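Q: Please take a close look at one part of this model for me, the place where two strands meet. After that, please go on to what lies before and after that part in sequence.

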Amino acid sequence: MNEGGVHNLILYPFRFVAGGPTVSGALWLLLLIYVFWLFSSQLEAEIGSAGFTGYAVISILIILIGHLVGTGFLGRGISPYFLDLVILAAVCYLNPDQEILLYFIIPVKMKWLAVLIFGFLGVTTLLNFSQTGSILEFYEPVVGMLSFFVFFGSELIAQAQRRMR
């Protein structure tokens with residue numbers, strides 16, 4: 001399947017079933033759709049329907065434009081997984097002390113889940129940069145997470161200023 005096609009907007013939920021229609025693939029797809037719905041509905045309850053719609057539209061547009069620009073000029077696009085990550089980042093930012101059950105067993109606070117996921121993203125990006133030496137390794141994570149900083153940037157700056165005082 002072409003990574004840069006606009007058809008990925010329609011086929012977005014089905015990108016997880018790469019091995020074809022199998023029982024394990026269908027179960028995995030259902031689990032991921034449920035988790036995406038769970039975090040999205042929680043974010044919508046926190047910031048309201050209009051805020052969530054704006055956040056989702058901004059995220060989709062930034063990721064789509066970044067992907068089109070990246071594949072057209074830089075030879076690298078942006079993975080649609082970043083839509084999941086910006087929603088997770090928003091939920092973790094708004095509810096850092098909320099606990100979820102990782103693997104339905106291990107209680108983990110959202111702030112530590114965010115540290116784990118985004119730490120892994122940062123280490124992976126730095127390892128790719130150290131292997132290739134190309135600054136383009138930072139393009140995907142920076143543009144992919146840009147919508148989070150567009151939407152919550154003023155709050156982050158205000159918090160940083162309050163802490164400095």
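A: Let's start with a term we need straight away: two strands are said to pair if DSSP finds at least two bridges between them. With that in hand, and keeping in mind that this is a predicted model, we can go to the strands themselves.

Strand β1 covers residues 99-102 and strand β2 covers residues 106-109, and the two pair in the antiparallel sense over four bridges. One of the residues to look at is I100, whose bridge partner in β2 is V108. L101 stands opposite P107, which is also in β2. The two strands form a hairpin with three residues between them, and there Y103 takes a positive phi near 60°.

I106 is a good residue to pause on. This residue belongs to strand β2, and its relative accessibility of 43% counts as partly exposed. Once neighbours within four places in sequence are set aside, I106 is in contact with I100 and L101.

Now for the setting of the hairpin. The protein has five helices and two strands, and reading along the sequence gives the pattern α-α-β-β-α-α-α. Of the 165 residues of the protein, 32% count as buried. Among contacts between residues at least 6 apart in sequence, 62% join residues at least 24 apart.

Let's turn to the helices on either side of the strands in sequence, α2 and α3. Two packed helices are described by the angle between their axes and the distance between the axes. Here the axes of α2 and α3 come within 9 Å and cross at roughly 145°, and the crossing of α2 past α3 is left-handed. From α2, the residues F82, L85, L88, A89, V91 and C92 take part, and they meet M110, L113, A114, I117, F118 and L121 from α3. Sorted by class, this contact has 12 nonpolar residues, with no polar and no charged ones.

Each of these helices has a further residue to show. In helix α3 (residues 110-132) we find T125, which is buried at a relative accessible area of 7%. Not counting residues up to four places away in sequence, T125 touches E137, F138 and P141. In helix α2 we find L83, and its relative accessibility of 12% counts as buried. The C-alpha atoms of L83 and M145 lie 8.5 Å apart in space, although the two residues are 62 apart in sequence.

Helix α2 also leads us to the aromatic rings. A search of the whole structure finds nine aromatic pairs. One of them is the pair of Y93 and F152, which is tilted, with 5.2 Å from centre to centre and 55° between the planes. Y93 lies in helix α2 (residues 81-94) and F152 in helix α5 (residues 146-164), so this pair ties together parts that are 59 residues apart in sequence. Both partners come out as buried: Y93 has a relative accessibility of 18%, while the relative accessible area of F152 is 1%.

F152 has a ring partner beside it in sequence as well. The ring centres of F151 and F152 are 5.2 Å apart and their planes stand at 75°, so this pair is edge-to-face. The cut-off behind that step is that planes over 60 degrees apart count as edge-to-face. F151 has a relative accessibility of 27%, so this residue counts as partly exposed. Stepping back, ring pairs link Y55, Y93, F148, F149, F151 and F152 into a cluster.

To put the pieces side by side: the hairpin is built from β1 and β2, which pair in the antiparallel sense. Helix α2 meets α3 through residues such as L85 and L113, and Y93 of α2 is tied to F152 of α5.

Terms used:
Residues numbered from 1 in each chain as written. Predicted model: local features only at pLDDT ≥ 70, side-chain atom pairs only at ≥ 80, totals over all residues. Heavy atoms only, no water. Phe/Tyr/Trp six-rings, centres within 6.5 Å; stacked < 30°, edge-to-face > 60°. Buried < 20%, exposed > 50% of the residue type's maximum accessible area, 1.4 Å probe, protein only. Contact = heavy atoms within 4.5 Å. Axes fitted to C-alpha atoms, helices over the stretch in contact; angles between N-to-C directions. Left-handed = near helix turned anticlockwise from the far one by under 90°. Nonpolar A, V, L, I, M, F, W, Y, C, P; charged D, E, K, R; others polar.
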